[in-house]
Structures are given as C-alpha cells and as structure tokens.
Amino acid sequence: MCANVRKKICFVVSSVGTARSFLKEPIKYLSAEFDVYLVANINDADDLSDMHLTGYCSIPFERDEWNEWVFIKGVEGRT
C-alpha cells in the first residue's frame with residue numbers, strides 16, 4: 001500500500017442539519033487524516049463548503065413519523 005493513500009470515512013445522515021449539529025467538528029478533525037464523505041438529503045440551497053468534506057452524495061431520505069412511532073413502541077414492548 002502506498003504511503004500517500006488516505007483512508008476514507010463516510011457519514012450517512014438524514015439531513016444536513018444533523019451533520020452540521022453533530023458532525024461538523026468531528027469531520028473537521030478527521031479530515032486532517034482521512035477523506036471524509038457525507039451522504040444526506042442535500043438540496044441545492046445547502047452550502048457545504050465549510051464542512052471540510054472530500055465529497056458528498058444526495059439521497060432523498062424521507063422520514064415517516066408514523067413508522068418511527070410504531071418502531072419505538074415495538075422496541076419498548078421488548079424491554
């Protein structure tokens with residue numbers, strides 16, 4: 001393996017807001033050693049220039065509150 005090949009990390013989140021709130025500083029720190037990518041529901045208005053990313057990919061995630069509630073209730077019933 002070549003010494004100049006960087007390892008890659010990819011974060012997958014449902015929204016850019018999640019990445020900004022919880023991952024901005026970790027991404028900044030990790031980008032010094034790794035190529036960091038983001039997969040999220042990114043629209044044209046999102047400016048990611050301050051996120052220290054190597055690249056990003058937009059996937060149209062959709063949250064369904066009803067399914068989340070059903071899942072949570074199912075998990076609660078098992079504990």
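**How the labels are earned**

Q: What makes the nonpolar surface patch, and how much area does it cover?
A: Val12, Ile59 and Phe61 make it, and it comes to about 240 Å². To join a patch, residues need over 30% relative accessible area and no salt bridge, with nonpolar side chains (Val, Leu, Ile, Met, Phe, Trp, Tyr) linked within 5 Å and like charges within 9 Å. The areas come from the Shrake-Rupley method with a 1.4 Å probe, and for residues only the protein chains shown count as cover. A word on the ground rules: this is a predicted model, where local features need pLDDT of at least 70 and side-chain atom pairs pLDDT 80 or more, while totals for chains, interfaces and linings use all residues. Residues are numbered from 1 along each chain as its sequence is written, and side-chain values use heavy atoms, leaving out hydrogens and water.

Q: Why is Val12 called buried or exposed?
A: Val12 has a relative accessible area of 53%, so it counts as exposed. The scale is simple: buried is under 20%, exposed is over 50%, and partly exposed is in between (1.4 Å probe, protein chains only). Val12 belongs to strand S1, residues 8-15. Strands (E, at least two residues) and helices (H or I, at least four) are DSSP runs, numbered from the N terminus.

Q: How do you know whether Cys10 is in a disulfide?
A: Check the sulfurs: a disulfide needs a pair of cysteine sulfur atoms within 2.5 Å. For Cys10 the nearest cysteine sulfur, that of Cys57, is 8.3 Å away, and Cys10 is in no disulfide. The count for the structure is 0. Cys10 is partly exposed at 45%, and Cys57 is also partly exposed, at 38%.

Q: What makes Asp35 and Arg6 a salt bridge?
A: The rule asks for a side-chain nitrogen of Lys or Arg within 4 Å of a carboxyl oxygen of Asp or Glu. Asp35 and Arg6 meet at 2.9 Å, N to O, so they qualify under that rule. The pair links distant parts of the chain, 29 residues apart: Asp35 lies in strand S2 (residues 35-41) and Arg6 in the segment before S1. Asp35 is buried at 17%, whereas Arg6, at 32%, is partly exposed.

Q: Which residues are linked in a network of salt bridges?
A: Arg20, Lys24 and Asp50 are. Arg20 comes to 3.0 Å from Asp50, closest N to O. That pair spans 30 residues, with Arg20 in helix H1 (residues 16-22) and Asp50 in the loop between S2 and strand S3 (55-58). Lys24 reaches Asp50 at 2.8 Å, closest N to O, and sits in helix H2 (residues 24-30), 26 residues away along the chain. The structure holds 3 salt bridges.

Q: Why are S1 and S2 called paired, and which way do they run?
A: Two strands pair if DSSP finds at least two bridges between them. S1 and S2 have 6, so they pass that test, and they run parallel. Within this pairing Cys10 stands opposite Tyr37 in S2.

Q: What makes S2 and S3 partners?
A: 4 bridges join S2 to S3, also in parallel. Tyr56, in S3, is the bridge partner of Leu38.

Q: How do you know whether S2 is mostly covered?
A: Count its buried residues: 5 of the 7 are buried, and S2 is mostly covered.
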